[in-house]
Amino acid sequence: MGGSSRQCLVCNGVQSKYKCPGCLLPYCSLLCYKKHKEIPCSKPESAEEKPTAVPEFQLERPVDVDGPSEVLQKLQLEAIGHLFL
């Protein structure tokens, strides 16, 4: 993990050690964090963020399988689903 050389954007005095979990603003101490939190903040929008809504997929036709071994069990489907969270 590389060290950050960003300056605290609350006091503008020293190197920041932390980032606000809400808006990612760099700050250096608990005092600066409390001062920053006096005004509500929010996480900046990013073009690379995942969409929050999961699209619904509808099958146009039934899926045929040759045997029960080709059908995934609920536990297997849940494990696959966790890969995309």
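## His 36 and its surroundings

Is His 36 buried or exposed? In this predicted model, His 36 has a relative accessible area of 15%, so the residue counts as buried, the cut-off being under 20%. His 36 sits in helix 1, which covers residues 30-36.

What does His 36 touch, leaving aside residues up to four places away in sequence? The list is Val 10, Cys 20, Cys 23, Leu 25 and Cys 41.

## The chain as a whole

Stepping back, the protein chain has two helices and two strands, and reading along the sequence gives β-β-α-α. Of its 85 residues, 15% count as buried. The accessible surface comes to about 8100 Å², with 58% of that belonging to carbon and sulfur atoms.

As for contacts with a separation of 6 or more, 7% of them come from residues 24 or more positions apart.

## The annotated stretch

An unreviewed UniProt entry carries the annotation "domain: HIT-type" for residues 8-41. Over residues 8-41, the chain is 21% helix and 12% strand. The C-alpha atoms at the two ends of this stretch are 16 Å apart.

## Cysteines without disulfides

How many disulfides are there? The count is zero. Take Cys 11: its closest cysteine sulfur is the one in Cys 8, at 3.6 Å, and a disulfide needs the two sulfurs within 2.5 Å, so that is too far for a bond. Cys 28 tells a similar story, with the sulfur of Cys 32 as its closest cysteine sulfur at 3.7 Å, again too far for a bond.

On accessibility, Cys 11 comes out as partly exposed at 39%, whereas Cys 28 is buried at 13%.

## Tyrosine rings

Now for the aromatics. There are two aromatic pairs. One of them is Tyr 27 with Tyr 33: the ring centres are 5.1 Å apart and the planes meet at 40 degrees, so the pair is tilted rather than stacked (under 30 degrees) or edge-to-face (over 60). Tyr 18, Tyr 27 and Tyr 33 together make up one aromatic cluster.

How do the two partners of the tilted pair fare for accessibility? Tyr 27 has 11% relative accessibility and counts as buried. Tyr 33, at 23%, counts as partly exposed, because buried requires a value under 20%.

Notes: Residues numbered from 1 in each chain as written. Predicted model: local features only at pLDDT ≥ 70, side-chain atom pairs only at ≥ 80, totals over all residues. Heavy atoms only, no water. Helix = DSSP H or I, 4+ residues; strand = E, 2+ residues; numbered from the N terminus. Buried < 20%, exposed > 50% of the residue type's maximum accessible area, 1.4 Å probe, protein only. Contact = heavy atoms within 4.5 Å. UniProt positions renumbered as here; feature names shortened; annotations may be inferred. Phe/Tyr/Trp six-rings, centres within 6.5 Å; stacked < 30°, edge-to-face > 60°. Areas by Shrake-Rupley, 256 points an atom, 1.4 Å probe, with all protein chains shown as cover.
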